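Grab a coffee and open the viewer. Below are a few short exercises on cysteines and surface charge, each with a worked solution.

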Amino acid sequence: MENESNFLDSRPLRNSGKGNIYARKEDGGSTVAAPPQKKLWCHCHHYCPENSKNNTCSTDGYCFAMVEEEESGGQTFTTGCIGLEGSDFQCRDTPLSQPRRLIACCTDQDFCNKDLHPTLPPLEDQAFSEANVHHKALLISVTVCSILLVFIIIFCYFRYKRQETRQPPHYSIGLEQDETYIPPGESLKDLIEQSQSSGSGSGLPLLVQRTIAKQIQMVKQIGKGRYGEVWMGKWRGEKVAVKVFFTTEEASWFRETEIYQTVLMRHENILGFIAADIKGTGSWTQLYLITDYHENGSLYDYLKSTTLDTKAMLKLAYSSISGLCHLHTEIFSTQGKPAIAHRDLKSKNILVKKNGTCCIADLGLAVKFI
C-alpha cells in the first residue's frame with residue numbers, strides 16, 4: 001500500500017494495558033507509535049455505516065474489533081471504524097463494565113481488524129479480583145479501627161491516671177482515727193452528741209461527714225424542687241434525708257451548708273444537719289446535703305391530711321416560733337452565733353416531727369447578719 005512504505009518493519013502490536021494495537025517502526029534503535037493513516041479501510045460487522053459496501057468502511061482513525069456479553073449469556077462480536085477524534089477514549093478495554101465488553105483497535109494496515117480477536121476474561125477471574133479488592137478494603141478498615149481503638153484506650157487510661165493523682169490523699173485510720181473512724185455501734189445521735197460536747201457545736205467533723213456521705217444507701221425519692229431532689233436514704237439502718245442539688249445550684253448548696261455549720265446553730269426546732277459532701281467524677285457531680293429524716297413531711301402536707309385540736313395547733317405554732325427565734329437570736333461568746341434571716345419561711349419549708357413539734361428547714365436563701 002501507499003502508506004505502508006512510510007514504515008520500516010511495520011507489524012501489529014497489542015498494548016495489554018489498554019488493548020490498543022498500533023503500528024510501530026524502528027528508528028535508531030527506538031520504538032515509537034505510528035500516527036494514524038490518512039485513510040484506513042476496515043472490515044465492519046454489526047457496525048457498518050450507511051454508505052458501506054461489502055462490509056467495509058473507511059476512517060481517518062482506527063479499525064476496531066469488540067466482543068460484548070449479552071444478557072442471555074452469549075457474546076456478540078462487532079467490527080468497524082472509529083474516527084480519530086475521541087478514539088483514545090473509545091479504544092480502551094472495559095472488561096469490568098456492565099454489560100461486560102472488550103475492545104481492541106489497530107491502524108497498521110487496511111482490514112487489520114480481521115486479525116483481532118478480543119476475548120472476555122472468565123467470570124471466575126473477575127469475581128476473584130473483586131473479592132481481593134473487598135478483602136483489602138476490609139483489612140484496611142479493620143486495621144484503622146484497631147489503631148483508633150488502641151489510641152482511645154491509651155487516652156482513657158492516662159486520663160484516669162491523671163484524675164487519680166488529682167484526688168485528695170486517703171487518710172489512714174491510724175493517723176485520723178478520731179475523725180474518720182466510726183465504730184460499728186455508733187449512731188448518728190451519739191456522733192452528734194460527741195461533737196457538741198467536745199467541739200464548738202457547729203456539726204460533725206468534715207472527714208466524718210464525708211465518711212457518712214459515702215456510706216449512705218439511697219432508698220426512694222420523696223420530693224423535688226427548683227434546687228434538685230430529696231431522697232430517703234439509710235445509714236447503718238437509720239433513715240436520713242438526702243438533698244441532692246443540681247450542679248447549677250452549687251451556690252445554694254454551699255450557702256445552706258455554711259448556715260447549718262454555723263457555731264451554736266443546732267436546735268431542736270431547726271432541722272438537724274448531719275453531713276455535706278460532693279460526689280462524682282469528671283463527667284458528673286452530685287452535691288449532697290444530709291439531714292434528719294421526718295416521715296410526716298412538711299407542715300403544708302401535714303395540715304392537709306391531719307385534723308388537729310387546739311393543743312396540737314399551739315404545739316406546732318410554738319415550736320415553729322422557737323426555731324425562728326433561735327435563728328434570729330445573736331449569741332455573744334468567744335466564737336458566737338450571728339443573727340440569721342431565713343428569707344423563705346413558709347409551711348412547705350417547715351417539717352413536722354413524730355412528737356408533733358416542728359423544725360425549720362430549707363436554709364438555701366438564709367443570710368447571716370454580720
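## Cysteine pairs and a charged patch

In this predicted model, the count of disulfides comes to five, taking sulfur atoms within 2.5 Å as the rule. As a quick reminder, a disulfide is a covalent bond between the sulfur atoms of two cysteines.

**Exercise 1.** Work out which handedness the disulfide of C42 and C63 has.

*Solution.*
- Start with the bond: C42 and C63 are joined, S to S 1.7 Å.
- Next, place the partners: C42 sits in strand β4 (residues 40–43) and C63 in strand β6 (residues 62–69), 21 residues apart, so this pair links distant parts of the chain.
- Now look at the torsion about the S-S bond: about -80°, so the disulfide is left-handed.
- Last, check the cover: both C42 and C63 are buried.

**Exercise 2.** Do the same for C57 and C81: what is the torsion about their S-S bond?

*Solution.*
- The sulfur atoms of C57 and C81 are 1.9 Å apart, and the two form a disulfide.
- Their S-S torsion is about 100°, so this one is right-handed.
- C57 lies in strand β5 (residues 56–59) and C81 in strand β7 (residues 75–82), so the bond ties together parts that are 24 residues apart in sequence.
- As for cover, C57 is buried, and so is C81.

**Exercise 3.** Decide whether C106 and C112 are buried or exposed.

*Solution.*
- First the bond: a disulfide joins C106 to C112, S to S 1.9 Å.
- The torsion about that bond is about 90°, so call it right-handed.
- Buried means under 20% relative accessible area.
- C106 has 1% relative accessibility, so C106 counts as buried.
- C112 has 4%, so C112 counts as buried too.

**Exercise 4.** Write down the pairing of the bonded cysteines, numbered in sequence order.

*Solution.*
- Number the bonded cysteines of the protein chain in sequence order, then read off the partners: 1-5, 2-3, 4-6, 7-8, 9-10.

**Exercise 5.** Sort C145 and C325 by exposure.

*Solution.*
- Exposed means over 50% relative accessible area, and partly exposed runs between that and the buried cut-off of 20%.
- C145 has a relative accessible area of 52%, so C145 is exposed.
- C325 has 44%, so C325 is partly exposed.

**Exercise 6.** Which lysines gather in a patch of positive charge on the surface?

*Solution.*
- The patch is made of K220, K234, K239 and K354.
- Zoom in on K220: its place is in strand β9 (residues 217–224).
- With a relative accessible area of 44%, K220 is partly exposed.

How values were computed. Residues numbered from 1 in each chain as written. Predicted model: local features only at pLDDT ≥ 70, side-chain atom pairs only at ≥ 80, totals over all residues. Heavy atoms only, no water. Patch = residues over 30% accessible without salt bridge, like charges linked within 9 Å, V, L, I, M, F, W, Y side chains within 5 Å. Areas by Shrake-Rupley, 256 points an atom, 1.4 Å probe, with all protein chains shown as cover. Salt bridge = Lys/Arg side-chain N within 4 Å of Asp/Glu carboxyl O. Lys, Arg positive; Asp, Glu negative; His and termini not counted. Charge placed at Lys NZ, Arg CZ, Asp CG, Glu CD. Helix = DSSP H or I, 4+ residues; strand = E, 2+ residues; numbered from the N terminus. Buried < 20%, exposed > 50% of the residue type's maximum accessible area, 1.4 Å probe, protein only.
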